[in-house]
Amino acid sequence: MVPNRQVESVISLLRERNLLVDGYRITQSNNGTARLIPVSFSNKDNFSPIFDDYELVEREGESDNRIDSDWWSHLADLIDQETIDEFGDSWPNAHEFIGDMMILRIEDAIKDYKEQIALAKLTAHPHIRLVLEDEGVFGEFRIRKLTPLGARANDKILTSNIPVELSHTRVVVKESGRHIICDPTRAYYSTKLQTERLETLAYAKELRKEIGEPLRVCDPFCGVGPALAYLIGEDGLIGDILAADLNPDAAEIMIENFSKWDRTEYEFTGELKRYSETRLLGVGDATRLSENENLIGNWNLILMNLPHRTIDFLPNIVPLLDRSKVSMIRGRVVVKESEIAEANASIVAALPPLLENKPLPELRIKRDYSASLRLCSFEAWIAPMD
Ligand SMILES: C[S@@+](CC[C@H](N)C(=O)[O-])C[C@H]1O[C@@H](n2cnc3c(N)ncnc32)[C@H](O)[C@@H]1O
């Protein structure tokens, strides 16, 4: 949040440091005396000292259609204006960038124009290699169904017979100054969780202060490991890490990521394996980790990012907490807005006694999941056992 009169200069500073985020609007603060400038956390190391003077506000971004104005003009070269007007808001203005890929949803009404959409988007975004249609996230592994619509081959744009070397979905993204390998068609990954990961980092620091020693962190639904990428960047914050996922592809990529981050070659074995004193990584079923005696009572911070199952799985996860000290579970939950109070009660009922001087775990709505469902987060401070 930047006072109105400083907006211009802060924007140029942010631009210089590559911190401005594409595709979102600069909006007014609630009282109109300041502006909210959308910032990218991928180059977090470049923040200081700019951010020391300004308040960081967390808010859902508003898409900036003007930024994509180019795509409209390219679309108008390919489709007559009458047709463009006819389908109005159905045209895909919003999109997600993952590495050099652009992912967008195509409504049924305009499905006959996929080729023109891909051509217009690729022409408007010259740094993009591949445009993919997002058909949603499926199954217990939360894998994304993506269909290539168009790709850039040197100076040509292809919308059919796209060769494998151009249509691959394995990319490297940069978050919090760290490279993360991901492939959303093999393992869950979303750029939209960056703020969530920063929040997790802030809570981890708070917990670290309470405990007075590096945290043992368990991420039993770790995907390719993006939440951990933030935590391991802080000196002295984390001791041991347990990172597991039921999806072998996710675990394999996560282990590749740790190999890069730790500059040590960890071989993927398909099992949960102790690679070092501080790395227990691999394939694992979160619901069964507490069957392993060595894992019970060992972890100060547990992350639960499987929003459809978090509440059901809490009883399986709680025994993993180290109850000799304060501990924390941070989770995400999908719930009907009308049932949030009930869900809060179920969370508290499934947890051991809570820490008295901290707020109770309460679901905070992060965004709409569907017309009636909301994606929420909570954090629960658990009291040590007497
Ligand atoms: C929503 S994704 C979150 C991934 C990661 N934490 C992130 O933020 O990118 C949920 C993950 O849980 C994994 N999963 C589903 N059921 C599981 C289980 N029983 N045990 C362990 N992992 C599971 C899925 O494969 C998926 O990678």
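This is a short tour of the ligand site, the cysteines and two residues of one helix.

Before you click, know that the model is predicted, with local features needing pLDDT of at least 70 and side-chain atom pairs counting only at pLDDT 80 or more, while totals for chains, interfaces and linings use all residues. Residues are numbered from 1 along each chain as its sequence is written, and side-chain values use heavy atoms, with hydrogens and water left out.

**Stop 1: the ligand**

Select the ligand and show what surrounds it. There are 18 residues around it, and Phe221, Asp245, Asp285, Ala286 and Asn305 come nearest; a residue is near if one of its heavy atoms lies within 4 Å of the molecule.

Now look for polar contacts, meaning pairs of N or O atoms within 3.5 Å (within protein, one must be able to donate a hydrogen and the other to accept it, and residues adjacent in sequence count only if both atoms are side-chain atoms). Start with Phe221, where a polar backbone atom sits 2.7 Å from a nitrogen atom of the ligand. Move to Asp245: one of its polar side-chain atoms is 2.7 Å from a ligand oxygen atom. Then pick Asn305, which puts a polar side-chain atom 2.9 Å from an oxygen atom of the ligand. On its own the ligand has 600 Å² of accessible area, and the protein covers 96% of that (Shrake-Rupley method, 1.4 Å probe; for residues, only the protein chains shown count as cover).

Try colouring the shell by class: you should get 10 nonpolar, 4 polar and 4 charged residues. Here Ala, Val, Leu, Ile, Met, Phe, Trp, Tyr, Cys and Pro count as nonpolar, Asp, Glu, Lys and Arg as charged, and the others, Gly among them, as polar.

**Stop 2: the cysteines**

How many disulfides are there? The count is 0, taking a disulfide as a pair of cysteine sulfur atoms within 2.5 Å. Select Cys218: the closest cysteine sulfur, in Cys222, is 9.5 Å from its own, too far for a bond. Cys218 is also buried at 0% relative accessibility, where buried means under 20% relative accessible area, exposed over 50% and partly exposed in between (1.4 Å probe, protein chains only). Cys376 is buried too, at 0%.

**Stop 3: helix 6**

Select residues 194-211 for helix 6, and find Thr200 in it. Helices (H or I, at least four residues) are DSSP runs, numbered from the N terminus. Thr200 is buried at 7%. Leaving out residues up to four places away in sequence, Thr200 touches Leu231, Leu303 and Arg330, with contact meaning heavy atoms within 4.5 Å.

Lys205 is in helix 6 as well, but is partly exposed at 38%. With that sequence exclusion, Lys205 touches Glu234 and Leu237.

How values were computed
Helices (H or I, at least four residues) and strands (E, at least two) are DSSP runs, numbered from the N terminus.
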